[in-house]
Amino acid sequence: MSSTKQDSYIAIVDCNNFYASCERVFNPALNNKPVIVLSNNDGCVIARSQEVKDLGIPMGIPVFKIKHLVEIHDIQIFSSNFALYGDISNRIMNIIRSGNSEMEVYSIDEAFVTINPRYTDPIDYATTLRNKIYQWTGIPVSIGIGKTKTLAKVANHLSKRGVGKNNVCLIDSTNDQDLLQKVKVHDIWGVGRRKQKFLKINGIYNAYDLKQANPEWIQKHMTIISRHTVDELNGRKKIELEREFATKKSISTSRSFSRMISDLNTLRNAISSHASRSAEKLRSQNSFVNSIGVYLCTNRFRADLPQYRRYINVQLPVALNDTSGIINAALEGLYAIYKSGYEYKKCGVILNDLVQANEVQQSLFYNRRDKDERISASIDQINQAFGSDTIRYAVQGENESWSIKREKLSPSYTTNWNEFLTLKV
Ligand SMILES: [Mg+2]
């Protein structure tokens, strides 16, 4: 009998200090120097290199409050350069994707993958993947492995703290007591600081204590989500991989937000960017789309906040492949499902029901298509040559609402002909 899915390991691949590492890739003079990346209006610290973490500078602190430290330690400061980070992220995701059938891009710098059981040594598999990502992109990653997503996350937490070897850590039934005891409950994925208080009052201090807890009792006094965490710590899969729909039949673009978003304007920017990205993918495979799915969801782990998740499918009158038509339909979907008063964690666009260009039925009532297609083709050409989003639709927002003031922006080394790295010899 071949091994079932139940037997397979899940790994999470997580880039180390991702934004800071991206800044270093093309600027090796930054190696071993403290590096900080600032938020949209250059106000707050949103990424730190290890050296900065070691100085005790916290995430989110306004930069003016640490001016003295910046001077004393010669901290290198950068505005966020999402064109660069997004491009390097895509490269890393493609490397991971090339060796795996099942993966979930969890955030800009993290992905879950199911390790195919044909790899009999998961640590060896992960170490090879880690080395490959470093060789091909220059970004160091840590990899945690376990039978469930939660165990993989815990293992990843440990791998960054020197447990395991070469930033790879595996938790299984032979070592879980020892390793889980090292992890405080609030460092477990999905537990967080709010739930830790209740757990501590009840004598549950570390991940091993929580593993031993009675699942029914946890569900009764906390939530079903917390019960799933207990199950997952015991190696019972409760949280599935949210698989990509990157088949020929559909195209999916989504990202979790780094912080929760509630206003419609920011969601419009995000949905428009996802729609635009999806339209580019669609055209690159020479397809048209007949219906467009849009979804929104709140943070499932924040049971203390009102929960909402909705998916809607917008049927198009004719098959499209132009960016403006696809953005319009996606926004129509967003307006239909958006509700104010919720904190959203993730949104996405899925192009469904794809057909090849030669199968598209021409509509008598739709004469603009030729023109729209030519505009989109020109946009693709310009963006490919001069960098993603050189030309963008206004509704996508100013650099996806991240960038207002970017005085210390590094060049877009990988995505812009004008800013390729030049070597002085
Ligand atoms: Mg990371």
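1. Among contacts in the chain between residues at least 6 apart in sequence, what percentage join residues at least 24 apart? In this predicted model, the share of such contacts that join residues at least 24 apart is 68%. The secondary structure of the chain comes to 14 helices and 12 strands, and buried residues make up 38% of its 425 residues.

2. One open sheet consists of 3 strands in the order E3-E2-E4, and its pairing is mixed. Strand E3 (45-48) and strand E4 (76-79) stand at the edges, and because each has a single partner strand, one side of each is left without a neighbour in the sheet. Neighbouring strands of this sheet are turned by 30 degrees against each other on average, when direction is ignored. Strand E2 (residues 35-38) runs antiparallel to E3 and is joined to E3 by 3 bridges; in E3, Arg48 is the bridge partner of Ile36.

3. Helix H1 (residues 18-25) packs on this sheet, where H1 touches E2, E3 and E4, and the direction of H1 makes about 115 degrees with that of E2.

4. H1 also packs with H4, at an angle of about 95 degrees and with the two axes 10 Å apart. Angles of 65 to 115 degrees count as roughly perpendicular, so H1 is roughly perpendicular to H4. On the H1 side the contact involves Phe18, Tyr19, Cys22 and Val25, which meet Leu84, Tyr85 and Ile88 in H4. By class, the contact of H1 with H4 has 7 nonpolar residues, with no polar and no charged residues.

5. Helix H4 (residues 82-98) has a further contact, with helix H5 (residues 122-137): the axes of H4 and H5 come within 10 Å and cross at roughly 145 degrees, and the crossing is right-handed. The residues of H4 in this contact are Ile88, Arg91, Ile92, Ile95 and Ile96, which meet Leu129, Lys132, Ile133, Trp136 and Thr137 in H5. The residues of the contact of H4 with H5 divide into 7 nonpolar, 1 polar and 2 charged. A reader tracing H4 will find Ile88 listed in the contact with H1 and listed again in the contact with H5.

6. Further along the chain, strand E12 (residues 344-356) pairs with strand E9 (residues 251-261), to which 7 bridges join E12, and the two strands run antiparallel. Within that pairing, the bridge partner of Ile261 in E12 is Tyr344. Strand E10 (residues 287-298) is likewise antiparallel to E12, and 11 bridges join E10 to E12; here Ile292 stands opposite Leu351 in E12.

7. Which helices do the buried residues of H11 pack against? The buried residues of helix H11 (residues 224-233) are Ser226, His228, Thr229, Val230, Glu232 and Leu233, and they pack against helix H6 (149-159), helix H7 (176-180), helix H8 (192-201), helix H9 (207-212) and helix H10 (215-221). H11 is followed by Gly235, whose phi is positive, near 85 degrees.

Methods: Residues numbered from 1 in each chain as written. Predicted model: local features only at pLDDT ≥ 70, side-chain atom pairs only at ≥ 80, totals over all residues. Buried ≥ 20, exposed ≤ 12 C-beta atoms within 10 Å, placed from the backbone. Helix = DSSP H or I, 4+ residues; strand = E, 2+ residues; numbered from the N terminus. Contact = placed C-beta atoms within 7 Å. Pairing = 2+ DSSP bridges. Axes fitted to C-alpha atoms, helices over the stretch in contact; angles between N-to-C directions. Left-handed = near helix turned anticlockwise from the far one by under 90°. Nonpolar A, V, L, I, M, F, W, Y, C, P; charged D, E, K, R; others polar. Parallel < 35°, antiparallel > 145°, perpendicular 65-115°, else oblique.
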